[in-house]
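Q: Please take a close look at a single part of this structure and explain how its residues are arranged. A connected account suited to a first-year student would be welcome.

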Amino acid sequence: MKQWFTLLNKEFLEMARNYKWIWMPITFILLGVMDPLTTYYLPEILNSVGGLPEGAIFEMPEPSAQEVFIMSLGQYQMIGILIIALSMMATVAGERKSGVAQLILVKPVSYFSYITSKWAAALILIVVSLFLGMLASWYYTGVLFEFIPFGTFMESFGLYSLWLILVLSFVILCSAMFMQPVAAGMVALVTVFISTIIGGSFQHLLEWSPTQLLPYVSERLITEKWPEHVWPATGITLTMTVLFVLLAIYIFKRKELAD
Amino acid sequence: MELFADINWALIAPILFIQVILLVIAVIDLIKIEKTNGPKWVWAIVILMVNIIGPILYFVIGRRNQ
Amino acid sequence: MPLVTVENLEKSFKDLRVIKGLNFQLENGKCVALIGANGAGKTTTLKMLSGLLRPTKGKISFAGEKQGGDHRRLIGYLPQHPVFHDWMTAREFLEYVGKLSGLPTKKAKERSAELLELVGIADAKNRRIGKFSGGMKQRLGIAQAIIHRPKLIMLDEPVSALDPFGRREVLELLEKLKKEATVLFSTHILNDAEEVCESILFLHNGEIIESGTMDEFREKYHQSKIDLVFSQEASSFLKTLSKHQQIDSIQMEGNKASIYTENLKAVKEVILTLAAKENWPLNKYEIGSISLEDVFMKVVQK
């Protein structure tokens, strides 16, 4: 256990030294406030640009606070996932490729600790960043449109963070599988995006799929009722997260650390 | 200039503030770092010229670890 | 009593057999040099011993340890080109590795300070490793390998990348390490091996072709060399000599000739008699012993 914290500390120190602890939260906050701000100011911006001919009526139905908040989640779904994959793809692969892993793993370091410490550090960074980002989105949506009940906000944060944790776990699995960080990142991204597209197209067949968590969060926000299949989907998400991490450890252990 | 009067600066100011932090840190890091993916001067331009996205892009793909 | 026993060790990469059945033992508290040309399989052997590579076949057992268990705490390993976390300082890295090896935080700090001093980079302890020179990295590499006082220290070509000055210092350091642990280091420079090690393992094409103590080795390949310099083409005088039984080989180059033999006394007489009888126009006559590099070539060619 002491060794695990030594490894975790190293990860945190590295994240501080390469400024991940600053730019990740800021990026997630900027992503969060973007939609409330642009949606609110869009009509005014268009008016001030003055591109509209005299007499033209600019009609745009004012979106609800819930809709604006869901748009922010859409940002994390695209750019957030992209950032998670690109910034974490090297976490295992990079150390193997450079050769540092050789120095570390000739020491009596358990493979379980090596992988899970990396996973835990990344998870904490991402969950904290996501929380700050969603909180900013919630606040800006509240000020500019209407406040969503804080409890509902916390529920959507809880559920949506489980999805991003699953994405992170898959990125780490890819990072343990491939020697090249770029290969790990690309495989992870392509897989995640294809699964969300498949999940979106076959919603009625894949009701328990982790990719449905975002639609379920949206549904919950708008209807204020829990969708029928949300808990099985949550259970499957958690199970897959654990499986991905265990698989990452297994694969990493079996891989030889040769050049 | 009606637009500027309408804008809620209490909401915009914090965003501008953290954006500046991001920019400053990206510049400091670029100066200190030995190698980047791709030429350093390109990243200098990207960070300074491309609003918000420039520094993020630099941290995500420009920065070389190790 | 042997610390490590290696039996029938083999390693293949795909279809390529790189290591073809090694058998050897490493005695406690001895220094063993693993000698061989580049590509002979030295690094692969060390990596199998350190657990970074899995043997295709064969056994590696440590005295008093369960067969096939985790021996990593007994081992210190320095790869040929050590890579560190460049963003850490030397002190941070040593403390980190020390803690990973099971030292309590306070112990890890003390031991790191002690080792930074020992390998001579204490002045640079708070500098980022990314700014270190190759020689400094090599020293830091040695420090990290011995931080947990391993029983077996393995170093892969620890001196070949260093300048003569750094080389001397590292060899002296190895001399010190020998007192605390068994040292196994690979090199392609025989003189380095000769300087610190009692025993050698000679690796060629994945096989041990020669092993034993340094003295035995020297005895076995003991050869003498007689250098002759004529004032004319050498070959015309040495025709009769080349058929002599005691002479192993003659190398000729213009006016110069080198005669190799294991029986210096007999050959010396033959040459001197011939030279007097035929009145050789000799400018130089010199008896020398051959260098270890020559032995190296000789063993490999066998």
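A: The following account examines one helix and then turns briefly to other chains. The model is predicted.

The part chosen is helix H5 of chain C, which runs over residues 164–177. H5(C) has 14 residues, and the distance from its first C-alpha to its last is 20 Å. That reach is close to the 20 Å expected at 1.5 Å a residue.

Four residues of H5(C) are buried: Val170(C), Leu173(C), Leu174(C) and Leu177(C). Because these residues cover an arc of only 105° around the axis, they lie on the same side of H5(C). The face turned away from that buried side carries exposed residues, namely Pro164(C), Phe165(C), Glu172(C) and Lys176(C). A residue counts as buried if 20 or more other C-beta atoms lie within 10 Å of its own, and as exposed if there are 12 or fewer.

What, then, covers the buried residues of H5(C)? The cover includes two helices of chain C, H4 (134–146) and H6 (190–196). It also includes strand E3 (31–35), strand E6 (152–156) and strand E7 (182–187) of chain C.

Other chains may be set beside this helix. Chain B has four helices and zero strands, and its pattern along the sequence is α-α-α-α. Of the 66 residues in chain B, 20% are buried. In chain A, the UniProt record (an unreviewed entry) places the feature "domain: ABC-2 type transporter transmembrane" at residues 78–250. That span of chain A is 82% helix and 0% strand, and its end C-alpha atoms lie 30 Å apart.

Technical notes
Residues are numbered from 1 along each chain as its sequence is written. Chains are lettered from A and ligands numbered from 1 in the order in which they are written. This is a predicted model: local features need pLDDT of at least 70, side-chain atom pairs count only at pLDDT 80 or more; totals for chains, interfaces and linings use all residues. UniProt positions are given in the numbering used here, feature names are shortened, and annotations may be inferred rather than shown by experiment. The expected span of a helix is 1.5 Å times one less than its number of residues. The arc is that of the directions from the helix axis to the C-beta atoms. Two residues are in contact if their C-beta atoms, placed from the backbone, lie within 7 Å.
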